[in-house]
Amino acid sequence: MKAVGLIQSFGRKRARGLSTTQKNNLDSLAEKFGISLADTNLDPHSIFDNRFSSIFVEIGFGGGEHLIQNSILHQNIGFIGCEPFENGVANTYKNISNNNLLNVRIFKGDARLLLNQFKNDTIKRFYVLFPDPWPKKKHHKRRLLSVDFLKLLQKKATSDGELVIATDSEDYMLNILENLKIAKICDDITDLSQLSNKPKWFLETRYEQKALQQGKQCYYIKLQLNKIA
């Protein structure tokens with residue numbers, strides 16, 4: 001599903017084909033663990049019948065490894081994962097079911113569609129981990145972490161809400177830092193070495209492993225989504 005006016009920030013929605021098991025997961029587990037678009041002004045806490053005081057949202061969870069790890073470690077928090085790639089969604093559904101996780105729900109599609117329906121001041125933390133860097137200059141407009149998107153996250157975040165970002169692209173990290181400054185979320189950061197050491201709290205991801213194996217430098221940042229007065 002694509003909203004009018006949204007530039008697609010992700011690539012393909014599926015691999016060459018879904019296995020029979022993956023198709024079954026998408027069909028049979030979506031009703032239990034999936035989120036469908038509803039009316040605007042949706043309180044994300046209601047997705048979990050208001051069982052959790054804090055809601056974390058992971059945007060573009062890929063294969064779901066980080067999302068599953070996080071939800072197992074913090075079963076007192078409600079986790080919402082957004083991902084358009086069907087293969088990753090199908091595998092994540094399976095892992096939610098296999099681990100009997102009651103604190104995870106999945107939206108299969110562009111996260112912006114769902115976030116625009118959420119009430120403001122409701123999300124405690126956002127994760128955007130290794131988003132597509134769209135390295136070619138002509139594709140930079142497709143980068144997810146634009147000023148407009150950051151301002152959307154600000155609106156949806158609680159007063160103490162946080163944003164966690166990781167990338168293996170130096171160019172994209174510099175672009176993100178500039179956009180964070182424009183959105184008045186953080187002060188000017190020019191020394192990327194401050195962001196090059198993996199924090200102890202950061203959970204490993206498949207994309208991170210791949211980048212490190214290729215000898216790439218990864219960058220990590222966690223910050224408060226301060227509201228604009």
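The protein has eight helices and six strands. The model is a predicted one. Along the sequence, the elements run α-α-β-α-β-α-β-α-β-α-β-α-α-β.

Start with the overall dimensions. The C-alpha trace spans about 50 × 40 × 40 Å along its principal axes. A compact globule of 229 residues would have a radius of gyration near 17 Å, and the protein agrees, because its own value is 17 Å. Of the 229 residues, 52% are buried. The exposed surface comes to about 11800 Å², and carbon and sulfur atoms supply 46% of it. Contacts reach across the sequence: among those with a separation of 6 or more, 80% join residues 24 or more positions apart.

Now go inside. In soluble globular proteins, nonpolar side chains tend to be buried together. Here the largest nonpolar core has 44 residues. Ile59, Ile80, Phe126, Leu163, Leu180 and Ile221 have the most contacts inside this core. Several elements each supply at least two of its residues. The strands among them are E1 (55-59), E2 (78-82), E4 (123-129), E5 (157-167) and E6 (219-224). The helices are H5 (111-115), H6 (147-156) and H7 (170-182). Another core lies apart from this one. That core has 26 residues, including Leu18, Ala90, Ile106 and Val164.

Take Ile80 as a way into the larger core. Neighbours within four places in sequence are left aside here. Ile80 is then in contact with Ile35, Pro44, Ile47, Phe48, Ile55, Phe56, Val57, Glu58, Arg105, Leu114 and Phe118. The list includes charged residues, Glu58 and Arg105, alongside nonpolar ones such as Ile47 and Leu114.

Helix H3 holds two buried polar residues to look at next. His66 has its place in helix H3. His66 counts as buried because its relative accessibility is 4%, under the 20% cut-off. Beyond four places in sequence, His66 is in contact with Glu58, Tyr127, Leu129, Leu203 and Thr205. Asn70 also sits in H3. Its relative accessible area is 4%, so Asn70 is buried. Outside its sequence neighbours up to four places away, Asn70 touches Phe79, Tyr127 and Leu203. Tyr127 and Leu203 thus appear in the contacts of both His66 and Asn70.

Helix H4 comes next. H4 covers residues 86-98, 13 residues in all. From first C-alpha to last it reaches 18 Å, close to the 18 Å expected at 1.5 Å a residue. Its buried residues are Glu86, Asn87, Gly88, Val89, Ala90, Thr92, Tyr93 and Ile96. They pack against helix H1 (20-28), helix H2 (30-33), helix H3 (65-73) and strand E3 (104-107). One of them, Ala90, belongs to the 26-residue core. After H4 comes Asn100, with a positive phi near 50°.

Finally, the cysteines. The structure holds zero disulfides. A disulfide is a covalent bond between the sulfur atoms of two cysteines. The sulfur of Cys186 has its closest cysteine sulfur in Cys218, 19 Å away, so the pair is too far apart for a bond. Seen from Cys218, the closest cysteine sulfur is in Cys186, again at 19 Å and too far for a bond. Both residues are nevertheless away from the surface by the accessibility criterion. Cys186 is buried, with a relative accessible area of 16%. Cys218 is buried too, with a relative accessible area of 1%.

Note on methods: Residues numbered from 1 in each chain as written. Predicted model: local features only at pLDDT ≥ 70, side-chain atom pairs only at ≥ 80, totals over all residues. Heavy atoms only, no water. Helix = DSSP H or I, 4+ residues; strand = E, 2+ residues; numbered from the N terminus. Expected span 1.5 Å × (residues − 1). Buried < 20%, exposed > 50% of the residue type's maximum accessible area, 1.4 Å probe, protein only. Contact = heavy atoms within 4.5 Å. Core = buried A, V, L, I, M, F, W, Y, C linked by side-chain atoms within 4.5 Å. Rg over C-alpha atoms; globule rule 2.2 N^0.38 Å. Areas by Shrake-Rupley, 256 points an atom, 1.4 Å probe, with all protein chains shown as cover. Disulfide = S-S within 2.5 Å.
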